[in-house]
Amino acid sequence: MTEIPLIEPEAERSVGTSVRRKEDYRFLIGRGHYVSDLQLPRMRHVAFLRSPLAHARITSVDVSSALEATFVDAVFTGGVEPFKSVTLIAQSALPSYIETAQPILAWEKVRFSGEAIAAVVAGDRYLAEDGAELIEVEYERLSPNVTAWSTPEEPLHSEAPDNVLLERRFLSGDVESALANAEIVVERKLTTNRHGGNPLECRAGVALFEPGDGTLQFWSGTQVPHIVRNALAELLGMSEAKIRVVAPDVGGGFGTKAALYPEDVALCLIARQMPGVPVKWVEDRAEHLLAATHARDHRYLLTAGFASDGTLLALRADVTCNVGAYSVYPWTAGIEPLMAGGLLSGPYRLENYDCTVRAVATNTSPSGPYRGVARPASVFAMETIMDEGARRLGMSTIDIRRKNLIGPKDIPYKMPSRLVDDSGHYERCLDRALELFDLEDFLREQKRRKENNEPPIGFGVACYNELTGLGRAASAGPRMPFRTGHDACTVKINPDGAVTVFSGVTSQGQGLETTVAQIVADAIGVNYDDVEVHIGNTDESLWGFGAFSSRQAVIGGGAAQLSALAVKEKVINLASKLLEIDGIDLTLRNGEVRVVGELAPRFSLAELARIAYLESNRLPNGIEPGLEATRFYDPIRGAFAAGVQLGSLEFDKKTGEIRILKWVCVEDAGRVINPRIVEGQIAGAIAQGIGGAMYEHLIYDDDGNLSTGTFMDYLIPTSAEIPEMVIDHIECPADNPLGVRGVGEGGTLGPNAVVAGAVADALGILVDQLPVTEGTIWEGSR
């Protein structure tokens, strides 16, 4: 009889598949738990009185009528303690950076319309709003300045008489000589539009100070709970061990919730003044548009030189970023200009680079991190230069990019800003995008429309690199007093064999409970459904910097992988001692330990876990009880992700109407953990990018009043304006435990350039100012 070989069962792999998301069930049945859902005994509600003026001295604040109202519990102003002595001061080690203080409640001076002056506490939000209306404030008006490239009449801060909070020069090679020897020199002046993240859920917080044990609990829709805890401890003079920050379910963040706001600190100060009483504030949309962080208000003065074959020889740039009234905490006023200067050259080889960037304060809401941080604007600037160079040289926009893209043979490539690009797969992304787009078919249709006098169509392209998962050696940031390169993760196998993960990542809709579970399940060798992930609670997870810079899959995922592998090693070691078999001959798959080559398992994970926790009499010598491990991970530099977007747009010259016909995006995500989540991240980012390119604009009048302060005026694209997208990936593993590259922001980087390129291709209109609206097309076609 023929002997039938024993075949070990295949391990169930989770990574690389679109498993059902763990978060979705509670959301679908309406059981998500957001800050606004939190109800506690004796809860009171807070409303903020905000300045109607953009720039003024406060001469008096009269709260007597509000205090006399029977429905008002308390009123707080900035000129009295503890508010008077607490300020937010974002710090940076850059020599040119000027530190300025942001009050929790303005009391000497207001610097933008919407700045909080007083806080009123009442039984509900409506009563608190009524109380705020009873406060009388007298002002001495000052001249406002809302444009970063105009001469200010009145400085915002005495420390910066010219309103410049930071200036830095990036210099490499000899730009002047290269420009003198160039075949053509291209000059452009570009401005980009101020807009913001506008998550579905606005900002919100609940603070509770317990007098019995002196602890402060703060529930917040933040992206960075550990940073918030650390900052609150410093500002309030408390031990971090006495502060617990919880980020429950969060309805979108996009960077807007990655800052610590004065309102956050105010809630905690109020809670300490009202011990045992939880105080709650939920921002409304008008407040959000007025007082949450803005972004992307930039001007680029560009000069570039090209050789006759299309080689980019030199780039000189002067970049001014409108950073608003204050240096946002903790990221500083440098977050946008430094990212713009550090990554302006994008995925292109360039030796000669001279770029000066500056952060200028104005009487507008502070600017802060927003998905892509400056890169949608800087990619628009760089791609505009490439398109202009192609037109001047008689080249195609594709050929000039091929000529200059960083390639695999260039890796590691030191950019002129000294960042190191580890990708080099830009041309592969471009080739695949062109294949999916079918450029030849587009050109035939473009020609046919022209011959038949039909609405013209245009083609735009954007190539970009996204720096993701920044480690401690990455130099793109503003040199804050801390480095954001690492995260921690604890993985624990419970006595019943199930796995619990305490991760430092936070989720605002990205599906982190799912992807972390996939990573841990595969690393240990258990089923995905047997892993439970806890996030967003500083009392549960050891440390995590949070959600920004497309870092969580790279860094948080790396920490989860290392922790899970360490736990697996403990399991194998325990089984090895019990079986007296070398660990190299054991496997752990699907929650069962087998000897290599055997079909029947020797132990289930639950059996080994019971021994580890409950039957310590069976533990071999040298094996300690329990099965858990905590590991940190820091990628040191980070991982660049390559991306290309192509789009075709149709224009009606009579009405200015714009219609997107096709949109293709190809990115190098490295190893894809969950394809559906990755595609959702890219699609959502592109949708936000299209919003910024064509619709969204926060406009201030000359007096510093926000003119687009509701969704009637501030336009956000709906599903009717967003096209069906063709999204694809190339998978070139990065040098980190999972081989992943971040994908959360890359989609926002291309739309400005794609839309502007399509306008120029179809109509010959050179776009110098964003957004591209129907008015842009109508006026340019006259």
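Is Phe48 buried or exposed? Select Phe48 and see: with a relative accessible area of 6%, Phe48 is buried. One thing to keep in mind as you click around is that this is a predicted model.

**Stop 1: aromatic rings**

Keep Phe48 on screen and add Trp281. Trp281 is buried too, at 1% relative accessibility. There are 11 aromatic pairs to find in this model. In one of them, the ring centres of Phe48 and Trp281 sit 5.4 Å apart and the planes meet at 85°, so this pair is edge-to-face. The two partners come from distant parts of the chain: Phe48 belongs to strand S1, Trp281 to strand S14 (residues 279–282), and 233 residues separate them.

Now select Phe112 and Tyr326. Here is another edge-to-face aromatic pair, with 6.4 Å from centre to centre and 75° between the planes. This pair also links distant parts of the chain, 214 residues apart. Look for Phe112 in the loop between strand S6 (109–110) and strand S7 (116–122), and for Tyr326 in the loop between S16 and H8. Both Phe112 and Tyr326 are buried.

For a bigger group, select Trp331, Phe482, Trp543, Phe545 and Phe548. Ring pairs join these residues into a cluster.

**Stop 2: two cis prolines**

Go to Tyr329 and Pro330 and zoom in on the backbone. The peptide bond joining them is cis, with omega at about 0°. Pro330 sits in the loop that runs between strand S16 (312–324) and helix H8 (335–343).

Next, jump to Ile411 and Pro412. The bond from Ile411 to Pro412 is cis as well, and omega is near -5°. You'll find Pro412 in the loop between helix H10 (397–404) and strand S18 (413–414).

**Stop 3: two arginines with positive phi**

Select Arg42 in the loop between helix H1 (24–28) and strand S1 (44–50). Arg42 isn't a glycine, yet its phi is positive, about 65°. Is Arg42 buried or exposed? Arg42 is exposed, with a relative accessible area of 55%.

Then pick Arg296, in the loop between helix H7 (285–291) and strand S15 (298–306). Phi of Arg296 is near 75°, again a positive value in a residue other than glycine. Turn on the surface and look for Arg296: at 4% relative accessibility, it counts as buried.

**Stop 4: helix H10**

Which residues of H10 are buried? Select Ile398, Ile400, Arg401 and Asn404 to see them. They span an arc of only 165° around the axis, which puts them on the same side of H10. To see what covers them, show the elements around this helix, including S15, S16, helix H9 (375–393), helix H11 (426–437), helix H12 (439–451) and strand S20 (457–468).

S15 is worth a closer look, and Thr303 is found in this strand. Thr303 is buried, with a relative accessible area of 9%. Setting aside residues up to four places away in sequence, Thr303 touches Leu179, Val185, Val186, Glu187, Ala314, Leu315 and Arg316.

**Stop 5: strands side by side**

Show strand S12 (residues 215–220) and strand S13 (residues 243–246). These two pair in the parallel sense over 4 bridges. Leu216 stands opposite Ile243 in S13. Add helix H5 (residues 225–236), and you have a right-handed β-α-β unit made of S12, H5 and S13.

For the antiparallel case, move on to the open sheet of 3 strands, in the order S24-S25-S26. Its edge strands are strand S24 (586–589) and strand S26 (603–604), each pairing on one side only. S24 pairs with strand S25 (residues 592–595) over 4 bridges. Click on Leu588 to find Val593 of S25 standing opposite.

**Last stop: Asn494**

Finish in the loop between strand S21 (487–493) and strand S22 (499–503), where Asn494 lies. Asn494 is buried, with a relative accessible area of 16%. What does the side chain of Asn494 make a polar contact with? Its partner is the side chain of Thr500, at 2.8 Å. Leaving aside neighbours within four places in sequence, Asn494 is in contact with Val499, Thr500, Ala609 and Tyr613.

Key: Residues are numbered from 1 along each chain as its sequence is written. This is a predicted model: local features need pLDDT of at least 70, side-chain atom pairs count only at pLDDT 80 or more; totals for chains, interfaces and linings use all residues. Side-chain values use heavy atoms; hydrogens and water are left out. Buried means under 20% relative accessible area, exposed over 50%, partly exposed in between (1.4 Å probe, protein chains only). Two strands pair if DSSP finds at least two bridges between them. The arc is that of the directions from the helix axis to the C-beta atoms. Contact means heavy atoms within 4.5 Å. A polar contact is a pair of N or O atoms within 3.5 Å; within protein, one must be able to donate a hydrogen and the other to accept it, and residues adjacent in sequence count only if both atoms are side-chain atoms. A crossover is right-handed if, with the strands pointing away from the viewer, the path from the first strand over the helix to the second runs clockwise. Rings of Phe, Tyr and Trp (its six-membered ring) pair if their centres lie within 6.5 Å; planes under 30 degrees apart count as stacked, over 60 as edge-to-face and the rest as tilted.
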